[in-house]
Amino acid sequence: MTPDDFDFLRKMLRERSGLVLAAEKQYLAESRLLPVARKYNIASLGDLVQQLRVMPNSPLAVATVEAMTTNETFFFRDKLPYDHFRDTILPALVAAHDRDKRIRIWCAAASTGQEPYSLALIIRELAQKEPALAAYRFDILATDLSGDVLERARSGIYSQFEVQRGLPIQLLLKYFSQVGETWQIAPEIRAMVQFRTLNLLNDFSPLGRFDVVFCRNVLIYFDQPTKIQVLNRIARQIAEDGYLALGAAETVVGLTDAFRPLTEKRGLYVPNPAARDLEPLAMAGGARRGM
Ligand SMILES: C[S@@+](CC[C@H](N)C(=O)[O-])C[C@H]1O[C@@H](n2cnc3c(N)ncnc32)[C@H](O)[C@@H]1O
């Protein structure tokens, strides 16, 4: 791949997924794109880039962008956000929704599904202890840019290695069944989560309002204007008494006033009522139509 090819690739990735690929990461692009070239019977990465130049909207372009995403995830990742979900978010929302009894949750970069399934497992476990919760409807929407990871998520099938990362053994034994050398999550837990392809750079207002948004470990890959515009647009989709959970290396501080951090609850943010009265914040970069 020539320096010019690499520049083209970096620009394309930034425009399509928000991913900022550092100039010194050519080795990463090459190692991730060689399997794509092989799959599409393309002789070299130079030829691959050439095809991207002439067919920017081809399946090859989609596969290229997906191959460059980092899909690292695991059950109950970082523990703390899930403690917040069980101990702070759910009790508050259950009380606030005692009339409509409907709670909407969005995992905005769900990867292979461990995040939404962790939330579903918490809800399920809690409902067994508190039967009043059975009257509530919990809708969990899990979205990601990559159709490949969502396909895996939908199947609910995980390797031995994946179920050993973060998943308590009693939940493994209670909610998973062994299929050969893999483990599949129970149909009733799978049924709690809806999966849908969605690029956070695009307009997501048709998804409606959510009470909880987990948008974890994806903003870190974006540049500052993209982080700001995504956070501001998420703010418009969150109920006034809703919650936003970000990844351990992410924050709203210094980016937007649309949310404020909850003191003593690291990684958890609530809509800022003062910011709601302001004009809608400019969408730097503009939300693109067509999810
Ligand atoms: C590191 S994983 C995070 C998974 C999970 N949220 C967690 O914290 O464990 C990042 C995910 O973001 C997705 N992603 C990257 N850019 C995206 C975009 N523009 N829109 C939606 N998802 C994106 C990737 O496909 C990947 O699955």
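**Close-up views of a predicted model**

**View A. The ligand and its surroundings.** In this predicted model, the ligand sits among 22 residues, and the closest are Thr-69, Thr-73, Ala-109, Ser-111 and Leu-200. Sort that shell by class and you get 11 polar, 6 nonpolar and 5 charged residues.

**View B. Two nonpolar cores.** The largest nonpolar core counts 60 residues. Ile-140, Val-213, Cys-215 and Leu-244 have the most contacts inside it. Zoom in on Leu-244: once neighbours within four places in sequence are set aside, its contacts are Val-213, Cys-215, Ile-234, Ile-238, Phe-259 and Tyr-269. There's also a second, separate core, this one made of 12 residues, including Leu-19, Leu-33, Leu-48 and Val-65.

**View C. Arg-14 on helix 1.** Helix 1 spans residues 3-17, and Arg-14 is part of it. Arg-14 has 16 other C-beta atoms within 10 Å, so it comes out as partly exposed. If you skip residues up to four places away in sequence, Arg-14 touches Leu-19 and Val-20. For a sense of scale, the C-alpha atoms of Arg-14 and Asp-83 are 34 Å apart in space, with the two positions 69 residues apart in sequence numbering.

**View D. Where the two domains meet.** The protein splits into domain 1 (3-68) and domain 2 (80-276). Taken over C-alpha atoms, their centres are 30 Å apart. Domain 1 puts 5 residues into the contact, while domain 2 brings 10 residues. On the domain 1 side, the touching residues break down into 2 nonpolar, 2 polar and 1 charged.

Technical notes:
Residues numbered from 1 in each chain as written. Predicted model: local features only at pLDDT ≥ 70, side-chain atom pairs only at ≥ 80, totals over all residues. Core = buried A, V, L, I, M, F, W, Y, C linked by C-beta atoms within 7 Å. Buried ≥ 20, exposed ≤ 12 C-beta atoms within 10 Å, placed from the backbone. Contact = placed C-beta atoms within 7 Å. Near = placed C-beta within 6 Å. Nonpolar A, V, L, I, M, F, W, Y, C, P; charged D, E, K, R; others polar. Helix = DSSP H or I, 4+ residues; strand = E, 2+ residues; numbered from the N terminus. Domains from an automatic or database assignment.
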